Amino acid sequence: MAKNESRIVYSPTQKAIRAVLWVVLAFFAFLVIFPVLYIVLGSFKENAELLRGGSNIFPSQWVVKNYTDAWEQANFAVYTKNSILLSLGVMVGSLIVSSMAGYVFSRKTFPGKELIYSIFVMFMFINVGSVSLRPLYELAIQMKMNKSLWAVILFSIGGGQATYIFLCRGYVNSVPRELDEAARIDGCGFFRIYWNIILPMLKPVMATIAILSFRQGWNEYIMPMVFTMTNPNLRPLTVGVNLLKNAGDGAAAWNIMFAGATIAIIPILIVFCCFSRFFMGGLTAGAVKG
Amino acid sequence: MSTKVTYTDRPARPRDKKMRLKESGGVSAGLMLLPSIIFLCICSVYPFIWIFRYICYNYNGFKATYTGVRNFTRMWGDAKFWNSVVTTFEYAGLKLIFIIPLALIMAVLLNQKLKGSSLFRGVYFMPTVISSSISGMIFTFIFATGNGVLNGVLTSLGIISPQAPIGWLTDVGVVMAAVTIMSVWGGFGNYMLYFVTGMTSISEDVYESSRIDGANAFQTFFRITLPMLAPVLKVVLMLAITGAFKDYEAIMVLTDGGPGTRTNVMFLYIYKLIFANEAGSQAQIGYGALLSVAAAIIVGGVTIIYNLVARKLDDVV
């Protein structure tokens, strides 16, 4: 890209136009980033200042007390722990399930494969909305799984697995079969080939899946809300923050809510900053395969 | 799973010996596929069947009574539901009208390879990694009537007077604009990225020759970029349409369907029926199940119509 840029020579008018375009892009970037800035900076404001409003997004006085309050009184320590557990659980589960299934779908021929595969595809497109949470909720109660986060983790893995399986299958397809055959001659079984040969080569796509499923778990909202209606100590951040908002008192605790929302978005934004190419790569790879 | 059986069932062909060598490990393959099959059955197939089981029932979570076609007749006369369907179309239409051109324009601008383009791309994409529930919450603060920052900024710019702030979330006339702004903010980065990826596959030579022929920026866009992007555009439109009809999480947080039922999209209406989170109301799961099927059919119908139209356009162009 750098080479291309240096080759093209722009006339003064073109340069001016490009400068204007840059300003447009920068202004738009500011608009996009503004809500996040507003919430992060606002979380350091005193509540009185938040309730007064106005156009100044910088706090006149920086206070950290909102965070300690949220952490200790508003139960955010527990919510954060739950969010981490939930997203890590979904991540690990999705990695295991989808890499194995993707490998089998890519390397194995067996009767009914196309049928199973098309059922996966079908359910990616059928969307009945929240109603499907109801049977899962009742199932969790019957299985006595509604007293822990496991039900949410498992159902979240199940809900997202199809996309990840497609990603994996596509990637395994691109791994040359000669490698499998060489390993088989050396005496590897089907699982050993997966474990010793395929899995190490899947690293790029596994990274993408890890990031995407982590985000999925972190951002999950409706399902944990339904599942933790009677169990405040299992709530993840998304649910906890929003319940604070519905809690009544009107605008009383804006500072706590700002701090809570910040706690809920900062980790995922940090992950995004470090691994943005996986986020973006995963999206387009999924589009091609899906 | 049943791999072994099949291969012994087959007539022995010369290839079969090789095949058997290749297809060893059927048991471990079955075991490796098993988790995803179990997940598929529990999380997708079972709820789907479950819904149909209750379509003709009145079920409040504890007791189910068979009511025959009463749910169907009720749906037919349920003005609130049909109103929510209209709202869904309105919302989806508004969202699409803004989000697609915006994503396209931003992608074209990013494709000019200006300084910092990749940083801008990251910034534009950022909202999509934030949970829609949290983004709904952030926008409740921004759109707040009395102390929201949007009214604050508009006031200090002199656009509105401090005595008459805009009730972004309480005024029936403007609440749809607020919801649209939020959903466009949260989603356009996705579609932009599809366009950017699509554009990188357009050869630089094409642009160069058009430049030599003296095409201006608009001609380049409408004669080269857009036609060459058509396949991507079709996929993106499809994703955007289905996505817009499915949205309800952020709307639930931002307005909860209000004021009144102004932003009560159909999946939100169904959610409220099934989980009855308002005090004093009872879950109406059977009826909600029927409406879910109706909603899924509506979304499916829209998708099919879109595909037909897209194909027709293909023939014409």
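How many helices and strands are there in chain B? That is a handy place to start, and the notes below go on from there.

1. **Chain B, the basic count.** Keep in mind that you are looking at a predicted model. In it, chain B has 14 helices and two strands. Its radius of gyration comes out at 26 Å, well over the 20 Å that the globule rule gives for 317 residues, so chain B is more spread out than a compact globule.

2. **Chain B, its dimensions.** If you turn chain B onto its principal axes, the C-alpha trace spans about 85 × 70 × 40 Å. As for burial, 39% of the 317 residues of chain B count as buried.

3. **Chain B, contacts along the sequence.** Take the contacts in chain B between residues at least 6 apart in sequence: 67% of these join residues at least 24 apart.

4. **A helix to zoom in on.** Have a look at helix α8 of chain B, residues 149-156. Its buried residues are B:V149, B:L150, B:N151 and B:G152. What covers them? The cover includes α7 (132-142) of chain B, together with α2 of chain A, so to speak a helix from each chain. Just after α8(B) you will find B:G158, which takes a positive phi of about 80°.

5. **Where the two chains meet.** Chain A puts 74 residues into the contact, and chain B puts in 75 residues. On the chain A side, helix α2 (residues 12-42) gives the most, with 12 residues. That side of chain A divides into 50 nonpolar, 17 polar and seven charged residues.

6. **Chain A, two domains.** Chain A is divided into domain 1 (2-66) and domain 2 (67-289). Their C-alpha centres lie 32 Å apart.

7. **Where the domains touch.** In chain A, 13 residues of domain 1 are in contact with 13 residues of domain 2. On the domain 1 side, the elements that give two or more residues are α2, α3 (47-52) and α4 (65-72) of chain A. Of these, α2(A) gives the most, with four residues. The domain 1 side divides into six nonpolar, four polar and three charged residues.

8. **One helix to remember.** If you keep a single element in mind, try α2 of chain A. This helix gives the most to the side of chain A that touches chain B, and it also gives the most to the side of domain 1 that touches domain 2 in chain A. On top of that, α2 of chain A is part of what covers the buried residues of α8(B).

Key: Residues are numbered from 1 along each chain as its sequence is written. Chains are lettered from A and ligands numbered from 1 in the order in which they are written. This is a predicted model: local features need pLDDT of at least 70, side-chain atom pairs count only at pLDDT 80 or more; totals for chains, interfaces and linings use all residues. Two residues are in contact if their C-beta atoms, placed from the backbone, lie within 7 Å. Ala, Val, Leu, Ile, Met, Phe, Trp, Tyr, Cys and Pro count as nonpolar, Asp, Glu, Lys and Arg as charged, and the others, Gly among them, as polar. Domain bounds come from an automatic or database domain assignment. The radius of gyration is taken over C-alpha atoms; the globule rule is 2.2 Å times the number of residues to the power 0.38. A residue is buried if 20 or more other C-beta atoms lie within 10 Å of its own, exposed if 12 or fewer, and partly exposed in between; C-beta atoms are placed from the backbone.
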